[in-house]
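Colleague: I would like to learn how to read a model of this kind, feature by feature, with the general idea put before the particular case.

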Amino acid sequence: MPRFTVPRDIYFGRECIERLSTIRGKRAMLITAGGDMEQNGSLARVEAVLQRTGMEVRLLRSQWPEAAEQAVAEGAAKMHAFAPDWIIAHGSAAISAGKLMWILFEYPEAVLSDLRRPFGLPELRRKARFAAIPSFGGGAPEATAFAELSGSLEQSAWAAMGYEIVPDIVFIDPAMSAGVLPAMAAETGMETIAYAADAYCAPESTPFTDAAAQKAAELALRFLCGAYAGESAAQEQLHYAQCLAGMAFSNAAAGLTHALSRQCCGIFQACRAQPGAVRGIFLPLVIRFHAADSDACARYAALARALGLRGRGEAQAAQALAEEIEVLRTTLGLPGTLREMGVSEEEFLRCRRTAAVRVAEDFCAKANPRNVQADRVEALLNAAFGEDE
C-alpha cells in the first residue's frame with residue numbers, strides 16, 4: 001500500500017537548534033564525523049544545548065565513510081556500553097553512520113550484511129530515538145529511509161533501506177552550516193535537482209512526492225546561484241530544498257541518476273569526492289534516456305513547465321529541462337563529463353563493464369520508467385565520459 005513517511009518533527013530556521021534542549025531522556029550519544037560542521041563551531045554549540053537537557057552526553061567521533069564497516073561496528077559497541085535513549089547525529093555523514101549503528105545497537109546479533117534486503121529492517125525505537133542535524137550535501141539522510149554505504153572496486157555500493165530509520169526529529173539550522181564553500185553549495189544544488197527529477201519521474205511517484213520534488217527543484221533553481229555566491233539567505237533555502245528532495249526521493253524509491261552516481265563514486269577514484277557533480281553529469285543524460293518513453297517524457301515536461309521552462313511539445317519541454325541543468329552546471333563551474341572530472345580513459349575502459357553491471361543490479365535502477373539493462377547503462381556511461389551515447 002502506498003505510504004509517505006517523513007520525520008515526525010522538522011524544526012527549521014536560524015536558532016532552531018535551541019529546540020534540541022527540549023528533548024527528554026537519561027543519556028544522549030552525540031555522533032560527529034568531523035568536517036566543516038565541527039570546524040565552524042557548531043559541534044560545540046550542539047554540545048552546549050544538549051547539556052541543558054540534564055542528560056548525560058557522550059561524544060562519538062566516527063571515521064565515515066572511510067573504514068565504514070569498522071566504524072559502524074565500533075560505534076554500535078560504544079552504544080551498547082553507554083545505552084543511550086537518544087542518538088543525536090551531527091552532520092549528514094554522521095546521520096548515515098548513526099542510522100546503521102542504531103540498528104546494530106538495538107539488535108546486537110545483527111551484522112551489516114543482514115541489512116541488504118530492501119525494506120527488511122526490524123522494528124526500532126525499543127532502546128533509543130534518533131535526532132538528525134544535517135549539513136549541506138550527503139544525500140539528505142535526515143529525510144530518507146536510507147543509510148548509504150560507499151562502494152569500492154571490489155564491492156558494490158548499497159544502502160540499508162527501511163522506514164524505521166527515518167529520523168524522529170530533524171533540526172535544519174542554517175547556522176550549523178555557516179561558511180559553506182561554493183563548491184559544496186554547487187554540488188548540493190545538483191544533488192537536490194537530481195533527487196527531485198528522479199522522484200518526479202519515478203513510476204512509484206505520488207501526489208505527495210510530486211509536491212516535495214517540485215518545490216525542491218523550484219527552490220534549488222531559484223537559489224542555487226546565490227548560495228554558490230555565498231548569500232546566507234539563499235544557502236538557507238537550498239538547505240530546505242535538500243530536505244524536500246530527500247523526502248521525495250525516499251518515498252518514490254529513487255531512480256537511475258542515483259544508481260549511476262553511487263556506483264561510479266564507488267568505482268572511480270575521481271568521483272568519490274564530488275558526488276553532487278557526478279549527479280550533474282548524469283542527470284541530463286538520464287532525462288533524455290527516459291524521455292524516449294512517452295509517459296516519462298510527459299512527466300519531465302510537466303516538471304519543466306512547473307519550473308517555468310518552455311517547449312512547444314512535451315519532447316521539447318523535457319529537452320529544455322535537460323538543457324537548463326547543463327547551463328546551470330556550466331555556470332557553477334562543475335565538470336560536464338567524467339573525463340573532465342579526472343577519470344582517465346584507461347581506468348574508464350577497464351572499469352566500465354563492472355560499473356554497468358552494478359548499476360543495472362542496483363535497487364534504485366529498478367525504479368525507473370524504462371527497463372535498465374547493462375548494455376543501456378554502458379551507453380550512458382560512454383556519454384558521461386565524453387563519448388557519443
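Modeller: What follows is a walk through a predicted model, taking strands, a helix, the nonpolar core and the cysteines in turn.

Colleague: Let us begin with the strands. Which strands pair with β4, and in which sense do they run?

Modeller: The general idea is to follow the bridges from one strand to the next. Here β4, residues 86-90, is joined to β2, residues 27-32, by five bridges, and the two run parallel; within that pairing, M29 has I87 of β4 as its bridge partner. β4 also pairs with β5, residues 129-133, again in the parallel sense and over five bridges, and there I88 is partnered by A131 of β5.

Colleague: Where does one go from β5, and how many bridges join β5 to β8?

Modeller: Two bridges join β5 to β8, and these strands run parallel, with A132 standing opposite V170 of β8. β8 in turn is joined to β1 by four bridges, also in parallel, and in this case F12 is the residue that stands opposite I172.

Colleague: Are the faces of β4 and β8 buried or exposed?

Modeller: One reads this by asking which way each side chain points and then checking its accessibility. In β4, W86, I88 and H90 point one way, while I87 and A89 point the other way, and all are buried. β8, residues 169-172, is likewise covered on both faces, with I169 and F171 on one side and V170 and I172 on the other, all of them buried.

Colleague: And what is the state of D9, in β1?

Modeller: D9 lies in β1, residues 9-12, and is partly exposed, with a relative accessible area of 25%. Setting aside neighbours within four places in sequence, D9 is in contact with D168, I169 and V170. The C-alpha atoms of D9 and F171 are 8.6 Å apart, although 162 residues separate the two along the chain.

Colleague: Turning to helices, how should I read α6, and where does α6 bend?

Modeller: The general idea first: an α-helix has 3.6 residues a turn, so residues three or four places apart point the same way. In this model α6 covers residues 207-228, which is 22 residues, and spans 31 Å from its first C-alpha to its last, close to the 32 Å expected at 1.5 Å a residue. There is nevertheless a bend of about 40° at R222. The buried residues of α6 include T209, A213, A216, A220, F223 and A227, and the buried residues of this helix pack against α5 (182-201), α7 (232-251), α11 (294-306) and α12 (314-331).

Colleague: What comes after α6, and which residues does Q235 contact?

Modeller: α6 is followed by G230, whose phi is positive, near 95°. Q235 is placed in α7 and is buried, at a relative accessible area of 10%; leaving aside neighbours within four places in sequence, Q235 is in contact with F136, V180, A227 and G230.

Colleague: How does one read the nonpolar core, and which of its residues touch the most other members?

Modeller: In soluble globular proteins, nonpolar side chains tend to be buried together. The largest nonpolar core here has 129 residues, of which L256, L260, F268, F282, L321, L338 and L381 touch the most other members. Its largest share, 11 residues, comes from α5. L260 serves as an example: apart from neighbours within four places in sequence, L260 is in contact with F282, V286, V359, V377, L380 and L381. A second core of 18 residues, separate from that one, includes C16, I17, I23 and A28.

Colleague: Finally, the cysteines. How many disulfides does the structure hold, and why is C201 not bonded to C297?

Modeller: The general idea is to look for the closest sulfur before considering a bond. The structure holds zero disulfides. C201 is not bonded to C297 because their sulfurs, although C297 has the closest cysteine sulfur to that of C201, are 9.0 Å apart, too far for a bond. C351 is in no disulfide either, the nearest cysteine sulfur, that of C264, being 9.8 Å away.

Colleague: Are C201 and C351 buried or exposed?

Modeller: C201 is buried, with a relative accessible area of 6%, and C351 also counts as buried, at 2% relative accessibility.

Technical notes. Residues are numbered from 1 along each chain as its sequence is written. This is a predicted model: local features need pLDDT of at least 70, side-chain atom pairs count only at pLDDT 80 or more; totals for chains, interfaces and linings use all residues. Side-chain values use heavy atoms; hydrogens and water are left out. The expected span of a helix is 1.5 Å times one less than its number of residues. The bend at a residue is the angle between axes fitted to the seven residues ending there and the seven starting there. Buried means under 20% relative accessible area, exposed over 50%, partly exposed in between (1.4 Å probe, protein chains only). Contact means heavy atoms within 4.5 Å. A disulfide is a pair of cysteine sulfur atoms within 2.5 Å. A nonpolar core is a set of buried Ala, Val, Leu, Ile, Met, Phe, Trp, Tyr and Cys residues joined through side-chain atoms within 4.5 Å. Two strands pair if DSSP finds at least two bridges between them.
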